[in-house]
Amino acid sequence: VHGEATTDKQACNTQPCPIDCVMGDWTSWQLCDKTCGAGTQRRTRGIIVATAFGGKQCSATSETQQCNTQPCPIDCILSVWGEWSKCDKSCGGGITTRTRYIQTAPLYSGKECGETVEKRACNVQPCPVDCVVGDWTTWGSCTVSCGGGRQTRSRSIQVSPEFGGIACPVTREIQACNTQACPIDCVVSRFTRWSECDKTCGGGIRKRSREIRVAAQYGGQACPATEQTRSCNEAPCTLR
């Protein structure tokens, strides 16, 4: 005769089963906090099922990473302009310059430097033009041959003065010439009448004379004889 069943059951491992953490999907990366020069950005994810009863722990719910690691552009930095230099010409249009130097050179596509040298015109007024004259001509003929005359010489103006240039010197000169006294010819009066014969016979002499009115000077024509004689009463005397 068979007996009744003898199997018996009892509960075991009644502790709760471990529950592993279940994470949600990562969000998109947030905007980088810098546009250049190495910034950071963050993203997060939520916990859908929390860890329980010794289940697998949740991993990080946020993480960060570097972003925009490229160097930031460095713009050129220039000093202030220096003083204008002295004009390289005193007239006729010169150049004056001023400079500035590069304090910081541009890098990484930064703003390029502007000009470091600036020029401008100066002293643009025309230069003075001094008078230029030619050589003297030879002296001209004297106006008289003696007694003090005048003769002239001249020179031409080849370049006229302009813009405050040196004025022209004299272009005509006069000087005395032939200052020696002119010759004075002798001037005599007319002869007087012949005198009476100094003898009545036997050969006498008669005379006449003239006076000097103007004596000869400075090589003038000399005076002629001022006295003339001639014979007279040449017939022999007769005895009585």
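Let us start with Cys-12: its closest cysteine sulfur belongs to Cys-17 and sits 11 Å away, too far for a bond. A disulfide here calls for sulfur atoms within 2.5 Å, so the gap rules this pair out. Cys-12 is exposed, with a relative accessible area of 59%. Cys-17 is likewise in no disulfide, the sulfur of Cys-12 being the nearest at 11 Å. At 62% relative accessibility, Cys-17 counts as exposed. Please keep in mind as you look around that this is a predicted model.

Now turn to the cysteines that do pair up, for the structure holds 12 disulfides. One of them joins Cys-131 to Cys-168, with 1.9 Å from S to S. This pair links distant parts of the chain, 37 residues apart. To find its two ends, look for Cys-131 in the loop between strand E8 (117–122) and strand E9 (132–133), and for Cys-168 in the loop between strand E11 (157–159) and strand E12 (172–177). The link is right-handed, with 95° about the S-S bond. Its two ends differ in cover: Cys-131 is buried at a relative accessible area of 15%, while Cys-168 is partly exposed at 26%.

Further along the chain, Cys-186 and Cys-223 form another disulfide, their sulfur atoms 1.7 Å apart. Cys-186 lies in the loop between E12 and strand E13 (187–188), and Cys-223 in the loop between strand E15 (212–214) and strand E16 (227–232), so the bond ties together parts that are 37 residues apart in sequence. Here too the link is right-handed, with 100° about the S-S bond. Cys-186 counts as buried at 14% relative accessibility, whereas Cys-223 is partly exposed, with a relative accessible area of 27%.

A third stop is the disulfide of Cys-201 and Cys-237, whose sulfur atoms are 1.5 Å apart. The torsion about its S-S bond is about 95°, which means that the disulfide is right-handed. Cys-201 is in the loop between E13 and strand E14 (204–209), and its partner Cys-237 is in the segment after E16, 36 residues apart. Cys-237 counts as partly exposed, at 47% relative accessibility.

To finish, let us return to lower residue numbers and look at the surface. Ile-19, Val-22, Ile-48, Val-49 and Phe-53 together make a nonpolar surface patch of about 420 Å². You can find Phe-53 in the loop between strand E3 (47–49) and strand E4 (62–67).

Terms used: Residues are numbered from 1 along each chain as its sequence is written. This is a predicted model: local features need pLDDT of at least 70, side-chain atom pairs count only at pLDDT 80 or more; totals for chains, interfaces and linings use all residues. Side-chain values use heavy atoms; hydrogens and water are left out. Patches are made of residues with over 30% relative accessible area and no salt bridge: like charges are joined within 9 Å, nonpolar side chains (Val, Leu, Ile, Met, Phe, Trp, Tyr) within 5 Å. Accessible areas come from the Shrake-Rupley method with a 1.4 Å probe; for residues, only the protein chains shown count as cover. A salt bridge is a side-chain nitrogen of Lys or Arg within 4 Å of a carboxyl oxygen of Asp or Glu. Helices (H or I, at least four residues) and strands (E, at least two) are DSSP runs, numbered from the N terminus. Buried means under 20% relative accessible area, exposed over 50%, partly exposed in between (1.4 Å probe, protein chains only).
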